[in-house]
Amino acid sequence: MSLSIRFYGDQILREKAQPVENIDGKIVKLLSDMRETMHAASGVGLAGNQIGVPLQLIAVINPETGEDLLLINPRIQSLGEEKEVEEEGCLSFPQIFSKVERPRKATVEAFTPSGKEIVIEAEGFLARILQHEIDHLQGILFIDRLSPRRRLLVAGKLRKINSYGREDANR
Ligand code: NI
């Protein structure tokens, strides 16, 4: 089932997601719906808050293998020192893309839907997607990580999403 995505301006995007205590059928179904929602919206990642569920759940696509990763309670174990600046977007920010500086490598630990604990040593685009989604779980959005100059460049578009989000909520 494809779920509706919350847009910038929705307070849930600023909430901290809670850890999942029990991986039950509901969580597995939610992750499967998140995967479907991400694909339907042509995204590469989606966090629980974005579909109105403040739980530590993310769905991401591994751009190297094309495989979907459904992760529970993901946590950054370590970040590399080297930084990289690349263009980023977000399903909660339609039409907004901007360059964001992030560490090029990230080691992430998480649980899979079958309850297995895994460690992902990611670099490049996958490391970026994982950092972006784990930020969502902390209530942090990619626009928070823009340089002041780039932030100014997207300010006008941000105001438009704000009103778009409100219209959407009133439907
Ligand atoms: Ni996002």
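Helix α2 gives the most to the lining of the largest pocket, with five residues, and α2 also gives the most to the largest nonpolar core, with six residues. The model is a predicted one, and it places a nickel ion with C90, H132 and H136 as its donor residues. Here is a friendly tour, beginning with the pocket and moving on to the metal, the cores and a few individual residues.

**The largest pocket**

- The volume of the largest pocket is about 340 Å³.
- Its lining is made up of 21 residues, and G43, V44, G89, C90 and L91 are the ones that lie nearest the centre.
- Two elements, β4 and α2, each give two or more residues to that lining.
- C90 is worth a second look here, since this pocket-lining residue is also a donor to the nickel ion.

**The nickel site**

- Three atoms coordinate the nickel ion at 2.1 to 2.2 Å: SG of C90, NE2 of H132 and NE2 of H136.
- Along the chain, these donor residues follow the spacing C-x41-H-x3-H.
- C90 sits in the loop between β4 (83–88) and β5 (98–103), whereas H132 belongs to helix α2 (residues 124–137), so this pair ties together parts that are 42 residues apart in sequence.
- Are C90 and H132 buried or exposed? C90 counts as buried because its relative accessibility is 11%, under the 20% cut-off, and H132 is buried as well, with a relative accessible area of 7%.

**The nonpolar cores**

- In soluble globular proteins, nonpolar side chains tend to be buried together.
- The largest nonpolar core in this model has 18 residues, and the members that touch the most others are I58, V60, L71, I120, L126 and L130.
- The elements giving two or more residues to this core are the strands β2 (57–61), β3 (68–79), β6 (105–111) and β7 (117–123), together with α2.
- Which of these elements gives the most to the core? That is α2, with six residues.
- Another core, of 16 residues, lies apart from the largest one, and V20, I27, L31 and L91 are among its members.
- L91 therefore appears in two settings, as a member of that other core and as one of the residues nearest the centre of the largest pocket.
- Leaving aside residues up to four places away in sequence, L126 touches V60, I61, N62, P63, E64, L69 and I120.

**T37 in helix α1**

- T37 is found in helix α1 (residues 25–40).
- With a relative accessibility of 2%, T37 counts as buried.
- The T37 side chain reaches the backbone oxygen of D33 at 2.6 Å.
- Not counting residues up to four places away in sequence, T37 touches M1, S2, L3, I5, L46 and I51.

**Two residues with positive phi**

- N73 is a residue other than glycine, yet its phi is positive, near 50 degrees.
- N73 lies in strand β3 and counts as buried at 18% relative accessibility.
- Q95 is not a glycine either, and its phi is positive at about 70 degrees.
- Where is Q95 placed? Q95 is in the loop between β4 and β5, the loop that also holds C90.
- Unlike buried N73, Q95 is exposed, with a relative accessible area of 62%.

Methods. Residues numbered from 1 in each chain as written. Predicted model: local features only at pLDDT ≥ 70, side-chain atom pairs only at ≥ 80, totals over all residues. Heavy atoms only, no water. Donors = N, O, S within 2.8 Å, 3.2 Å for Na, K, Ca; no water. Helix = DSSP H or I, 4+ residues; strand = E, 2+ residues; numbered from the N terminus. Buried < 20%, exposed > 50% of the residue type's maximum accessible area, 1.4 Å probe, protein only. Core = buried A, V, L, I, M, F, W, Y, C linked by side-chain atoms within 4.5 Å. Contact = heavy atoms within 4.5 Å. Polar contact = N/O pair within 3.5 Å; in protein donor to acceptor, adjacent residues only side chain to side chain. 1 Å grid on protein atoms, 1.4 Å probe; cavity = no way out; pocket = protein on both sides within 12 Å on 5 of 7 lines; lining within 4 Å. Points joined across faces, edges and corners; volume = space filled by probe spheres on them.
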